[in-house]
Amino acid sequence: MLRVPHARSAVAVIVAIALALVLPVSPASAAAAVPAKPGLVNYVGASTTSLTVDWADIPGATSYYVYAGTSHAQVTRPEHPVNQKVTTSKATVTGLKPGVAYFIQVRGVSSAGMGPRSSPVAHETITAQATLPSTWPSYHAVSWNVCSNVCSGFSSRKTVIDRRIAELAPDIVGLQEASKYTAAPSGYRFAYNGQNDILIRNGRFAPVAAKSGGATSGAAVFPSTYAPAGKGMSWAAVRHSSSAYLLVVDTHLVVGTSASLVRQREYEAGKLADAISATLTKLNKTHRSLTDWTKAPVIVMGDFNTHKSRTGDKTMAVLEQRGWHDAYDQARVLSLQHYNTANPTMSLTPFVSVTWGDHIDKVLVRPSRSVVFRWANAGKTANGKWIGPLGSDHHPLSVRVGLR
C-alpha cells in the first residue's frame, strides 16, 4: 500500500528542493572543467640564456604546462615534452643559447585534464650585451613614421604627434615620411630636418658644430638599382649632456613585397651599413679632436618595411651580417609586442601579430656595444583599443638603450 507522507515532511522536501535550485554550488563541490585555451602569451623578459613569458590567468586551471622549442614545427608536435610545470601564469625558460629563436606554447591543467595549447609565440634570446658602468648614460629613443605626405590631415595630426612626443619625453626622435614636419615641438630642436627628421631634446643633447669642410649632419638617397628607391637616410653627430658623443641615423627603406622591391630593399640595407661606416670615417677626419668617431656609439632608427614573418626577404640578414641587430631581439623587457606598430587603416582596433609581432619599425644596435633595457610599442591604449585621435598610420616605437 502506498504510504502518503506527512504534510509537514512534504513541505520540508519541497523547501529543500527549492533551495538546491537557487543556491550556488560551492567551488569545492563543483565538477572541475578542462581549462580554456590561453590568450596571448607575451614575452616580458629576456637574457642571453633565458626567456620569460606571461599570460592571463585561466579560470579553473590549477597549473600550467610550458612547452619550448627552436621551431614552430617542433614545439607544436603533440609528443613534444613539457619544458616545465608552473602554478602561476608566468614562466622563465632557462638553459637556452644566445641569439637563438625559441617558440613557446602554454596550456592550462586541472583535475579534469589538459586544456588546448596557446598559439605559439617566438622570440630570440639576446645575442650579446655590453658591460656598462653604473654611471653610464642611457638614452630614450623614439622612432615614428608620421606619414606627412601620403596621409591626409597632417596639420591636425601634427598636434597629436607633438603631444605624444611631449608625453614620452624621449632624448632622441627619428621621424620618417616627415617632409612636412618643419617645426620642432616644444623642448626639442632639429639635428636634421628633411624627409627623415632627427630631433634631440634640449638639455640632453646638442648638435656637434660643423667645421669648414666637415659636416656633422646630412642625408643620402640610395640608388634605384633594382626598383624605385626608398627614402634613404639622414644622420647627425650629437653630444650628450654627459659629454658622450653619438651618431644618430634615421632611415626609411623601400616598401613592397615584389621580387624587385625586396631585392632593392636588401640592396639599400647594405648601402645603409656602408653609409654609416663612411660617415664615421669622415667625422673622424674632421672632428677627431672631440672623440675617435670610428669607435663612437651609433643608434639607427627607421621604417625598414620588413619583418620576421616574411619569407624570402633577407633585409635584416644583410644588416645582421654587418653587425646591426633589431633592438626588439636584444631587449631585456618588452611591452605590447603583439600590437603592430604599423596601422595602415588607422583603425582603433590593434592589428595583432601573434608569433613574431611583425614590426617593420625598428631601432638597430650593435649587440656587443649596447644594452637594450626596454622595447615598447608606445601607442596609447585603453581596454584593448588604441586611443584616438591617431597621429599617423604608424605608432611610435620606444626604446631605452645604453651604448658604448
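Four bridges connect strand S10 (residues 172-176) with strand S12 (residues 197-201), and the two strands run antiparallel. Within this pairing, isoleucine 172 has isoleucine 200 of S12 as its bridge partner. The model described here is predicted.

**The seven-stranded sheet**

S10 and S12 belong to an open sheet of seven strands, arranged in the order S11-S12-S10-S9-S24-S21-S19 with mixed pairing. Its edges are formed by strand S11 (188-192) and by S19, each of which pairs on one side only. Helix H3 (residues 154-168) packs on this sheet and touches strand S9 (139-145), S10, S11 and S12. The direction of H3 makes about 160° with that of S9.

**The three-stranded sheet**

A further open sheet is built from three strands in the order S1-S2-S5, with antiparallel pairing. Strand S1 (42-46) and strand S5 (90-93) are the edge strands, each pairing on one side only. From one strand to the next, the twist averages 25°. S1 is joined to strand S2 (residues 51-54) by four bridges in the antiparallel sense, and glycine 45 stands opposite threonine 52 of S2.

**Strand S15 and its partners**

Strand S15 (residues 232-240) has antiparallel pairings with S13, S14 and S16, which are set out below with a residue pair from each.

| Partner of S15 | Bridges | Residue pair |
|---|---|---|
| S13 (residues 205-207) | three bridges | proline 207 and valine 238 |
| S14 (residues 217-220) | four bridges | serine 217 and alanine 236 |
| S16 (residues 245-252) | eight bridges | alanine 236 and valine 248 |

Alanine 236 thus appears in two of these pairs, standing opposite serine 217 and opposite valine 248 in S16. How enclosed is strand S15 by the rest of the structure? Eight of its nine residues are buried, so the strand is largely enclosed. In a regular strand, side chains alternate between the two faces of the sheet. S15 and S16 also form a hairpin with four residues between the strands, in which serine 243 takes a positive phi near 85°.

**Nonpolar cores**

The largest nonpolar core comprises 45 residues, and those with the most contacts inside it are Trp55, Leu246 and Ile299. Strand S24 (residues 397-403) gives the most to this core, contributing four residues. Apart from this core lies another, of 25 residues, which include Val208, Ala237, Leu280 and Leu319.

The surroundings of tryptophan 55 can be listed in detail. Not counting residues up to four places away in sequence, tryptophan 55 touches Leu40, Val41, Tyr64, Val66, Val86, Thr88, Ser89, Lys90, Ala91 and Val106.

**A buried charged residue**

Glutamate 266 is located in helix H4 (residues 259-286). Which side chain of opposite charge is nearest to glutamate 266? That side chain belongs to arginine 263, at 6.2 Å. Glutamate 266 is buried and has no salt bridge; the 6.2 Å separation can be set against the criterion of within 4 Å for a salt bridge. Leaving aside neighbours within four places in sequence, glutamate 266 is in contact with Gly312, Asp313, Lys314, Thr315 and Val318.

**Backbone features in loops**

Two residues other than glycine have a positive phi near 55°: aspartate 358 and asparagine 383. Aspartate 358 is found in the loop between strand S19 (334-335) and strand S20 (361-365), whereas asparagine 383 is found in the loop between strand S22 (381-382) and S23. Are these residues buried or exposed? Aspartate 358 has a relative accessible area of 15% and is therefore buried, the limit for that class being under 20%. Asparagine 383 has a relative accessible area of 82% and is therefore exposed, the limit for that class being over 50%.

A cis peptide bond leads from glycine 388 to proline 389, with omega near 0°. Proline 389 is found in the loop between strand S23 (385-386) and S24. S24 in turn is a member of the seven-stranded sheet and gives the most residues to the largest nonpolar core.

Definitions and conventions:
Residues are numbered from 1 along each chain as its sequence is written. This is a predicted model: local features need pLDDT of at least 70, side-chain atom pairs count only at pLDDT 80 or more; totals for chains, interfaces and linings use all residues. Side-chain values use heavy atoms; hydrogens and water are left out. Buried means under 20% relative accessible area, exposed over 50%, partly exposed in between (1.4 Å probe, protein chains only). Lys and Arg count as positive and Asp and Glu as negative; His and the chain ends are not counted. Contact means heavy atoms within 4.5 Å. Two strands pair if DSSP finds at least two bridges between them. Axes are lines fitted to C-alpha atoms, for helices over the stretch in contact, and angles run from 0 to 180 degrees between N-to-C directions. A nonpolar core is a set of buried Ala, Val, Leu, Ile, Met, Phe, Trp, Tyr and Cys residues joined through side-chain atoms within 4.5 Å.
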